[in-house]
Amino acid sequence: VVVVVVALVALWTAVWASGAFHESAFPSPQSVVHGFGTELRSGRLFNDLITSLFRVGVGFGLAVLLGIPLGLWMGQKLAARMAFLPIINFFRNLSPLAWMPFAILWFGVGDASAIFLIFLAAFFPVILATMAAVANIPTVYFRVAQNYGINGIERLTQVMLPAILPQIITMLRVTAGLSWLVVVAAEMIAGRDGLGFAVMDSRNGLRTDLLVVEMIVIGLIGVVLDRLLVQLTKIESVRWGYER
């Protein structure tokens, strides 16, 4: 990884030194490092980062808390799948950013509108992924559970959840990444702070060095979030699903 990063920085420096682009359109690595220091000293970068993480945490958390139970229910009920699946698929294919005008009208500019858009981005994929995971549990699992007298909440905790946790963790990684993408886009249009707003502000101020700083931070945080969720795959009751 270090070798690849060094090679990319070297290529970046070579392109900048060639003079193919003006400094205002293609900042040098040195100016980006200087901009990074400026943002850290001012405290703005940290504040924007915390704001964006808060919005993603609330919106994504609500989507998971509401979406997984609904997916569990629909996965077990064929009639519920037949009734609600077309509607859920419709909203899943509708870009969350299409709701932007309504989000601003309903919640104004700030945390609430961004959280609403993040929730919409994650909620329907969470339902569908959970529902599909439950519906695809081999029926032999339930037969064995019935033979051992495992029913009700025990069937949920001892049969269903262990069977679907690998798929659920994969779904969480995908939807968390999607939520992180949406918060940046939402803040660019309907925000007064956050990393997305900082990107737009840097663009309007023609500060491409700061723009690159914010892009690097956005990418790094996305990687960190994914790595944190990957740790869930190391749980003893989950690892079997990745080692088959």
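Helices here are DSSP runs of at least four residues, numbered from the N terminus. With that in hand, select Phe107, which sits in helix H5. Keep in mind throughout that this is a predicted model.

**Stop 1: Phe107 and its surroundings**

Show Phe107 as sticks. Is Phe107 buried or partly exposed? Its relative accessible area is 41%, so it counts as partly exposed. Now add Phe102, Leu105 and Trp106 to the selection and switch on the surface: together with Phe107 they make a nonpolar patch of about 480 Å².

**Stop 2: the aromatic rings**

Stay with rings for a bit. The whole model has 13 aromatic pairs. Begin with Phe90 and Phe91, whose rings meet edge-to-face, 5.2 Å centre to centre and with 80° between the planes. Phe90 counts as exposed at 53% relative accessibility, while Phe91 is partly exposed at 27%. Then hop to Trp106 and Phe107, another edge-to-face pair, with centres 6.4 Å apart and planes at 85°.

To see how these pairs join up, select Phe90, Phe91, Trp99, Phe102, Trp106, Phe107, Phe116, Phe119, Phe123 and Phe124 in one go. Ring pairs link these residues into a cluster.

**Stop 3: the nonpolar core**

Hide the surface and go inside. In soluble globular proteins, nonpolar side chains tend to be buried together. In this model, the largest nonpolar core has 53 residues. Good ones to click on are Phe60, Ile68, Leu117, Ile164, Trp180 and Leu195, which have the most contacts inside the core.

Next, colour by helix. Those supplying at least two core residues each are H3 (44–76), H4 (78–92), H5 (100–107), H6 (111–135), H8 (153–190), H9 (195–204) and H10 (208–230). Which helix gives the most to this core? That would be H6, with 16 residues.

Zoom in on Leu117 for a closer look at one of the best-connected core residues. Setting aside neighbours within four places in sequence, Leu117 touches Pro96, Trp99, Met100, Ala103, Val182 and Ala186. Trp99 is worth a second glance, being also part of the aromatic cluster.

**Stop 4: salt bridges**

Now bring up the charged side chains. How many salt bridges does the whole structure have? A search finds eight, and three of them make a nice route.

- Select Asp201 and Arg44. Their side chains meet in a salt bridge at 3.2 Å, N to O. Asp201 is in helix H9 and Arg44 in helix H3, so this pair links distant parts of the chain, 157 residues apart. Both partners are partly exposed, Asp201 at 35% and Arg44 at 25%.
- Move on to Asp193 and Arg55, where the closest N and O atoms are 2.6 Å apart. Here the loop between H8 and H9, home of Asp193, is linked to Arg55 in helix H3, 138 residues away in the chain. Asp193 is partly exposed, with a relative accessible area of 29%, whereas Arg55 is buried at 1%.
- Then pick Arg173 and Asp226, with closest N and O atoms 2.9 Å apart. Arg173 lies in helix H8 and Asp226 in helix H10, so the pair ties together parts that are 53 residues apart in sequence. Arg173 is partly exposed, at 31%.

For the last selection, return to Asp193 and Arg55 and add Asp111 and Glu187. These four residues are linked in a network of salt bridges.

Conventions. Residues are numbered from 1 along each chain as its sequence is written. This is a predicted model: local features need pLDDT of at least 70, side-chain atom pairs count only at pLDDT 80 or more; totals for chains, interfaces and linings use all residues. Side-chain values use heavy atoms; hydrogens and water are left out. Rings of Phe, Tyr and Trp (its six-membered ring) pair if their centres lie within 6.5 Å; planes under 30 degrees apart count as stacked, over 60 as edge-to-face and the rest as tilted. Buried means under 20% relative accessible area, exposed over 50%, partly exposed in between (1.4 Å probe, protein chains only). A nonpolar core is a set of buried Ala, Val, Leu, Ile, Met, Phe, Trp, Tyr and Cys residues joined through side-chain atoms within 4.5 Å. Contact means heavy atoms within 4.5 Å. Patches are made of residues with over 30% relative accessible area and no salt bridge: like charges are joined within 9 Å, nonpolar side chains (Val, Leu, Ile, Met, Phe, Trp, Tyr) within 5 Å. Accessible areas come from the Shrake-Rupley method with a 1.4 Å probe; for residues, only the protein chains shown count as cover.
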